[in-house]
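The following exercises are intended for a reader who meets this structure for the first time. Please attempt each task before reading its solution.

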Amino acid sequence: MTLTVKALSLEMTKKMADAAELTAIKNGLKITIAIMDNHGNLKYYRRMDGNGFVSVRMAPLKALTSAGMPISTKDLAKRNEGIPNGPYLGVPGIVLLEGGLPIITNDGQHIGAIGISGATPELDGICAQAGIDAIVGML
């Protein structure tokens with residue numbers, strides 16, 4: 001049996017970053033965008049002018065979290081709340097703030113993740129979703 005494995009292309013990452021940045025501009029935000037493949041390797045990175053230094057570290061961590069597990073950082077935070085002692089809090093590099101989304105193909109393959117930081121977690125999530133929405137036709 002042969003497997004067909006899809007991959008995240010540079011073209012896809014640029015479209016995602018453009019859409020996330022446009023959403024940020026429309027909302028008066030200054031964000032950092034990190035996009036990783038499903039192995040946690042950085043594929044694309046963009047930092048808007050005027051963005052804070054914490055976001056430079058947080059956006060890749062959000063992307064890494066959703067690249068490692070095909071779940072949004074928001075949903076992982078909810079899952080963590082439902083388990084005694086919040087076990088995900090003890091895992092190095094895991095971020096439990098909204099703004100990290102997995103990239104899933106139409107046939108269910110997990111090909112990467114986007115992480116956004118620079119605004120509130122809720123607004124980061126909106127920008128990340130804009131990035132995903134920009135490539136729906138390519139998935």
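Three exercises with worked solutions follow.

This is a predicted model, in which local features need pLDDT of at least 70 and side-chain atom pairs count only at pLDDT 80 or more, while totals for chains, interfaces and linings use all residues. Residues are numbered from 1 along each chain as its sequence is written, and side-chain values use heavy atoms, with hydrogens and water left out.

**Exercise 1. Helix H4**

Determine what span helix H4 should have, and state which of its residues are buried and what covers them.

Step 1. Helices (H or I, at least four residues) and strands (E, at least two) are DSSP runs, numbered from the N terminus. Helix H4 comprises the 13 residues 121-133.

Step 2. The expected span of a helix is 1.5 Å times one less than its number of residues. For H4 this gives 18 Å, and the end C-alpha atoms are 18 Å apart, which agrees.

Step 3. Buried means under 20% relative accessible area, exposed over 50%, and partly exposed in between (1.4 Å probe, protein chains only). The buried residues of H4 are Asp124, Gly125, Cys127, Ala128, Ala130, Gly131 and Ile132.

Step 4. The cover over these buried residues includes helices H1 (10-26) and H2 (53-68), together with strands E3 (100-104) and E4 (110-117).

**Exercise 2. The salt bridge of Asp124**

Identify which residue forms a salt bridge with Asp124, and decide whether each partner is buried or exposed.

Step 1. A salt bridge is a side-chain nitrogen of Lys or Arg within 4 Å of a carboxyl oxygen of Asp or Glu. The structure holds 4 of them.

Step 2. The partner of Asp124 is Lys62, with the closest N and O atoms 2.9 Å apart. Because Lys62 lies in helix H2 and Asp124 in helix H4, the pair ties together parts that are 62 residues apart in sequence.

Step 3. Lys62 has a relative accessible area of 1% and is therefore buried. Asp124 also counts as buried, at 1% relative accessibility.

**Exercise 3. The partners of Arg46**

Find which residues Arg46 meets in salt bridges, and describe the network that results.

Step 1. Arg46 and Asp18 meet through their side chains at 2.9 Å, N to O. This pair links strand E2 (residues 42-47), which holds Arg46, to helix H1, which holds Asp18, 28 residues apart.

Step 2. Arg46 also forms a salt bridge with Glu21, at 2.6 Å between the closest N and O atoms. Glu21 lies in helix H1 and Arg46 in strand E2, so parts 25 residues apart in sequence are tied together.

Step 3. Arg46 counts as buried at 16% relative accessibility, whereas Asp18 is partly exposed at 44% and Glu21 is partly exposed at 22%.

Step 4. Salt bridges with shared partners join Asp18, Glu21 and Arg46 into one network.

Terms used: Contact means heavy atoms within 4.5 Å.
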